[in-house]
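This report goes through the charged pairs, the sulfur link and the strand pairing of one chain. Please keep the viewer open while reading.

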Amino acid sequence: QVQLTQSGGGFVQSGGSLKLSCTASGRTYSDTSTLAWFRQAPGKEREFVASTVYSRDNLYNAHYDDSLWGRFTISRTSGTSVDLIMKNLRPDDTAVYYCAAAPSTTGRAVGDYANWGQGTQVTVSS
């Protein structure tokens with residue numbers, strides 16, 4: 001079992017920036033090849049934001065939802081940690097953001113991930 005602990009987030013005005021961090025513990029050897037971020041806005045389904053997938057030689061490939069590329073950056077800071085740097089935030093970015101982990105997958109569906117963080121609220125005011 002993998003435990004994911006999230007930090008960061010909070011309240012920001014439109015155009016501002018925030019950073020979310022996630023650290024995995026527990027059985028991380030094979031179950032954190034992919035670390036990803038999802039978000040869930042009020043009344044909406046949880047949606048994919050970005051992921052880092054182990055490639056080779058301690059390198060990771062980043063994948064993004066097309067609509068967020070350029071404003072959001074996912075950064076694999078270690079084998080068990082990942083950040084999400086969010087810039088030029090907009091009110092429609094308001095959501096609870098979740099870190100997720102899985103054995104190597106490029107999947108973007110909620111069902112592709114068995115391990116989830118506790119969620120972090122991000123609120124962007126207009």
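Which side chain meets that of Arg 71 in a salt bridge? The partner is Asp 93, with an N to O distance of 2.8 Å; a salt bridge here is a side-chain nitrogen of Lys or Arg within 4 Å of a carboxyl oxygen of Asp or Glu. The model is a predicted one, in which local features need pLDDT of at least 70 and side-chain atom pairs count only at pLDDT 80 or more, while totals for chains, interfaces and linings use all residues. Residues are numbered from 1 along each chain as its sequence is written, and side-chain values use heavy atoms, with hydrogens and water left out.

**Salt bridges**

Under the rule just given, the count comes to five salt bridges, among them the three in this table.

| Pair | N to O distance |
|---|---|
| Arg 71 and Asp 93 | 2.8 Å |
| Asp 92 and Arg 90 | 3.4 Å |
| Asp 83 and Lys 19 | 3.9 Å |

Arg 71 and Asp 93 link distant parts of the chain, since Arg 71 sits in the loop between strand 6 (60–64) and strand 7, Asp 93 sits in the loop between strand 8 and strand 9, and the two are 22 residues apart. Strands are DSSP runs of E with at least two residues, numbered from the N terminus. Arg 71 is buried at 10% relative accessibility and Asp 93 is buried at 0%, where buried means under 20% relative accessible area, exposed over 50% and partly exposed in between, with a 1.4 Å probe and protein chains only. In the pair of Asp 92 and Arg 90, by contrast, Asp 92 is exposed at 52% and Arg 90 is partly exposed at 37%. Through shared partners, salt bridges join Arg 39, Glu 47, Arg 71 and Asp 93 into one network.

The salt bridge of Asp 83 and Lys 19 ties together parts that are 64 residues apart in sequence, because Asp 83 lies in strand 8 and Lys 19 in strand 3. Asp 83 is buried at 11%, whereas Lys 19 is partly exposed at 46%.

**A buried arginine without a salt bridge**

Arg 76, in strand 7, is buried yet has no salt bridge, and the nearest side chain of opposite charge, that of Asp 83, is 9.9 Å away; in this count Lys and Arg are positive and Asp and Glu negative, with His and the chain ends not counted. The side chain of Arg 76 instead reaches two backbone oxygens, that of Gly 79 at 2.9 Å and that of Ser 33 at 3.4 Å.

**The disulfide**

A search of the whole structure finds one disulfide, defined as a pair of cysteine sulfur atoms within 2.5 Å. This disulfide joins Cys 22 to Cys 99 with an S to S distance of 2.0 Å, and it links Cys 22 in strand 3 (residues 18–26) to Cys 99 in strand 9, 77 residues apart. The torsion about the S-S bond is about -80 degrees, so the disulfide is left-handed. Both ends are buried, Cys 22 at 1% relative accessibility and Cys 99 at 0%.

**Strand pairing**

Four strands form an open antiparallel sheet in the order 1-3-8-7, two strands being paired if DSSP finds at least two bridges between them. Strand 1 (2–8) and strand 7 (72–78) are the edge strands, each pairing on one side only. Strand 7 and strand 8 (residues 81–86) pair in the antiparallel sense over six bridges, and Thr 73 stands opposite Ile 85 in strand 8.

Notes
A polar contact is a pair of N or O atoms within 3.5 Å; within protein, one must be able to donate a hydrogen and the other to accept it, and residues adjacent in sequence count only if both atoms are side-chain atoms.
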